[in-house]
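Let's practise reading a protein model together. Take your time with each exercise, and try it yourself before you look at the solution.

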Amino acid sequence: MQKKKIVCVGEALIDRIRNKSNSRFTDFLGGAPANVACALSKLKIDSIFIGCLGTDHFGERFISKFNDLDVNLDLLQLDKNSSTRVVNVDRDKFGDRFFTGFESSPHPCFADEVLSKKIIEKELSTLEKFFLETKYLVLGTISLSSPIVKDTIFFLLDQANKFEVKIIIDLNWREVFWDNSSFASEISKIARIDLIKKFLNNAHVLKLAKEEATLFFEHENPSLISQQLSKSPDVIITDGKNPVSWYINRLQGNTEIPVSQNIIDTTGAGDAFLAGFISKIISSGYPSNKLEIEDYLKFASLCGLLTCLGEGAIEPQPDYEKVNKFLGSLIL
């Protein structure tokens, strides 16, 4: 059986984006794993989202969006005793965003903090059916700030290994989630970094930003980062509008990416980038030479860039046809 599905696990939340020039805000659907699942679906890749939402208006909005995009929700959990998280995001005039905290909740924790291993265990046959057809399990590190979800993540890793599902990790360091965690706020920054570094040993592919490479590995060399991790993963380091540095299939290089003067909002750009890269692997196979790697990364970068031309992380994500339309000229 050819494996072509992607399972994305973790947070689905609301990005409440404020422009610094005024006090008005707009709510957008977001959360890195949810963003990746949606972006993959738009790129004609079968995606499955595993996460937990509150039984509130925002949870209903997510379910509607996932259904519109044919993202599989068979293992989605709904929790009546927690709410869908609302993240406060400030956006500057260049479209760059800054996470400033969360809206208060009437509940002791947020829904994304209570994704339950026990509930998934009751649906183990469904999970096993998915993993028979799954190429990659996509994870981030925010979930590690909750011991409940951390246990769920490691359970899913064990199950994925049984079915030879490869692991993709987007480091996605967001300290505000740890500082304001219902469970992990008292864990020191050093302990948080140590926990995440150990978790990264599960990766077959690791994506991270340049500043994350500096923080977690004290350098930005993708080959050396690969050598520091147990599975010697392929490593992709992004740096905004600057070239992507990479170590893929034992090859190393830097790839220039397309840029635009029309950036509106950078929220979710990295998630669209990751989805674009994964979609190329699923549709065309794993890149075996520098030319193919450059091609895949340019496609991925364009997915990220086109997402930045609109507001929010999910709505502006391009479909496969739109990306290919722009690939010829790269003039935006």
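The exercises below cover cavities, a pair of helices and a salt bridge.

This is a predicted model, in which local features need pLDDT of at least 70, side-chain atom pairs count only at pLDDT 80 or more, and totals for chains, interfaces and linings use all residues. Residues are numbered from 1 along each chain as its sequence is written, and side-chain values use heavy atoms, with hydrogens and water left out.

**Exercise 1. Find how many cavities of 30 Å³ or more the structure has, and describe the lining of the largest cavity.**

Step 1: Start with the term. On a 1 Å grid over the protein atoms alone, a cavity is a set of points where a 1.4 Å probe fits but cannot get out, and lining residues have an atom within 4 Å of a point.

Step 2: Searching the whole structure gives 2 cavities of 30 Å³ or more.

Step 3: The largest cavity has a volume of about 80 Å³, where a volume is the space filled by probe spheres set on the grid points, joined across faces, edges and corners. It is lined by 13 residues, and the closest to its centre are Ala32, Pro33, Leu139, Gly140 and Asp170.

Step 4: Now sort the lining by class: 7 residues are nonpolar, 3 polar and 3 charged. Here Ala, Val, Leu, Ile, Met, Phe, Trp, Tyr, Cys and Pro count as nonpolar, Asp, Glu, Lys and Arg as charged, and the others, Gly among them, as polar.

**Exercise 2. Describe how helix H11 and helix H12 pack.**

Step 1: Locate the helices, which are DSSP runs (H or I, at least four residues) numbered from the N terminus, while strands are runs of E with at least two residues. H11 spans residues 290-307 and H12 residues 320-327.

Step 2: Their axes are 10 Å apart, at an angle of about 110 degrees. That makes H11 roughly perpendicular to H12 (65 to 115 degrees).

Step 3: Look at the contact (heavy atoms within 4.5 Å). Phe299, Leu302, Cys303 and Leu306 of H11 meet residues of H12 including Tyr320, Val323 and Phe326. By class, the contact of H11 with H12 has 8 nonpolar residues, 1 polar and 1 charged.

**Exercise 3. Which parts of the chain does the salt bridge between Glu103 and Arg16 tie together?**

Step 1: A salt bridge is a side-chain nitrogen of Lys or Arg within 4 Å of a carboxyl oxygen of Asp or Glu. The whole structure has 13 salt bridges.

Step 2: In this one, the side chains of Glu103 and Arg16 meet at 3.6 Å, N to O.

Step 3: Glu103 lies in the loop between strand S8 (97-102) and helix H3 (117-122), and Arg16 in strand S2 (residues 13-19), so the pair ties together parts 87 residues apart in sequence.

Key. 1 Å grid on protein atoms, 1.4 Å probe; cavity = no way out; pocket = protein on both sides within 12 Å on 5 of 7 lines; lining within 4 Å. Axes fitted to C-alpha atoms, helices over the stretch in contact; angles between N-to-C directions. Parallel < 35°, antiparallel > 145°, perpendicular 65-115°, else oblique.
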